[in-house]
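Q: Got a minute to go through this model with me? I'd like to start with the helices and then move to the strands.

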Amino acid sequence: MQTLRLGLAQINTTIGDLEVNARKVRDWTARARDLGVDIVAFPELTITGYPPEDLLLRPRFIADNLAALDSVLGATRGISAVVGYVALEAGDIYNAVAVIHDGRTIDTYRKEHLPNYGVFDELRYFRSDSGCPVYDFGDIGVGVNICEDIWFAGDPTRSQALGGAQVIVNINGSPYHAGKRKYREEMLAGRARDYGVLICYTNQVGGQDELVFDGGSMVIGPDGTLLARAKMFEEDLLVYDVGEESLLGARLHDPRLRSEQLGEEDAREVRHLLVPALPDRDRPAIEARIEPELSHEAEVYNALVVGTRDYLGKTGFTKALIALSGGIDSSIVAAIAVDAIGAENVLGVGMPSRYSSEGSIGDAQALADRLGIPFIIVPIEPAHDAFTEMLAETFAGMEPGVAEENLQARIRGTILMAISNK
């Protein structure tokens, strides 16, 4: 049996930056080719970035996305690529995958299950499809589907498996939340066991507005065993060799098991496409790797760092201004900012008032010294005096309390905004 070398390219795309996203596809395809990869898979809606939302309502954006997809074809000479993009057919748009081989698009798969809950709103934009293609790379059948398609039990994965797919390549834009990595692995292990397939799961990485994508791309064997896993919260190329040993335990070649356990009689018709063989080539040996799990605290902290870094970077901000009180909250925020954009790009500001504790400024200075960030002090007492004097007649006869204390927050916000604007 031949060996099929798969590459899972979890890249950090930017919504709407078609040129940069396409360039990343070209660059990471070249890396995959250098490692002797046969098929490299990219995340969901690679070309547009995920989720593109109301950009999809602009006809010019759809056309530009198609042109950007065309721009990556030349980079796929001598390799196959699975690239997410927006397909346009008869006036409808689809969340789709281009299956590209040796410089040309040979097929398109369109997403079937469109999520419409939580942060997802895909029914607003896309039409769904129910095709079940299987691509025959020599004697290995490969089914391709998109994100939610495998989160649902049944089709299209089930019919693809029954139709001869031994490997399922599933591309994703699956946002992070605490504990989701374990849940994903358990779900994928169940699908792999149910349908006797090896699952190659590619996930996006990086921050997009309020969402963070954690990567963690993985390969799951037909018996549900985790065979390979990429890094979390970093761009990565996970390479895995699919051979006979990877497919042990698959039940696709046992007609009795197929019929009894998968209900072959009501399976959809599968469309097969033979992918032409590429010339033999020397390639370096690759060992499967399983990146270590992160602790719960490390997962959450990395998500905060990545979300902060990409929010600032993708919106054009280069520096962060943080009010330091010497307390835990501002200390954590400062540490996140330093890890996200570097100490040289973070400025700490202390703004003591009559309500500040004696240790507040000292603790804030100590934190700034340890993080290596500059720290300035802007006392707010003169502004506070001015406000209380302005309100003296209104507050006459009332004891000082929360209203006077809360003035300091407004003053500090004003000062920070002024420094930021300057």
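Here is a short chat about helix packing and strand pairing.

A: Sure. Keep in mind that this is a predicted model.

Q: At what angle do α1 and α2 pack?
A: About 20 degrees. Helix α1 covers residues 18-34 and helix α2 covers residues 59-72. Their axes are 9 Å apart.

Q: So what do we call that, roughly parallel or roughly antiparallel?
A: Roughly parallel, because the angle is about 20 degrees and anything under 35 degrees counts that way.

Q: Is the crossing left-handed or right-handed?
A: Right-handed, as α1 passes α2.

Q: Which residues meet there?
A: From α1, Leu-18, Ala-22, Val-25 and Arg-26. They meet Phe-61, Asp-64, Asn-65, Ala-68, Ser-71 and Val-72 in α2.

Q: How do the residues of that contact divide?
A: Six are nonpolar, two are polar and two are charged.

Q: Switching to strands. Is β3 mostly covered or mostly open?
A: Mostly covered. Strand β3 spans residues 80-89, and eight of its ten residues are buried.

Q: How many bridges join β2 to β3?
A: Three, and the two strands run parallel. β2 is residues 39-41. One pairing puts Ala-41 opposite Val-82 in β3.

Q: And in what sense do β3 and β4 pair, parallel or antiparallel?
A: Antiparallel, over ten bridges. β4 is residues 92-101. Leu-88, for example, has Ile-93 in β4 as its bridge partner.

Q: What do β3 and β4 form, and what sits in the turn?
A: A hairpin, with two residues between the strands. Ala-90 is in the turn, with a positive phi of about 50 degrees.

Technical notes: Residues numbered from 1 in each chain as written. Predicted model: local features only at pLDDT ≥ 70, side-chain atom pairs only at ≥ 80, totals over all residues. Heavy atoms only, no water. Axes fitted to C-alpha atoms, helices over the stretch in contact; angles between N-to-C directions. Helix = DSSP H or I, 4+ residues; strand = E, 2+ residues; numbered from the N terminus. Parallel < 35°, antiparallel > 145°, perpendicular 65-115°, else oblique. Left-handed = near helix turned anticlockwise from the far one by under 90°. Contact = heavy atoms within 4.5 Å. Nonpolar A, V, L, I, M, F, W, Y, C, P; charged D, E, K, R; others polar. Buried < 20%, exposed > 50% of the residue type's maximum accessible area, 1.4 Å probe, protein only. Pairing = 2+ DSSP bridges.
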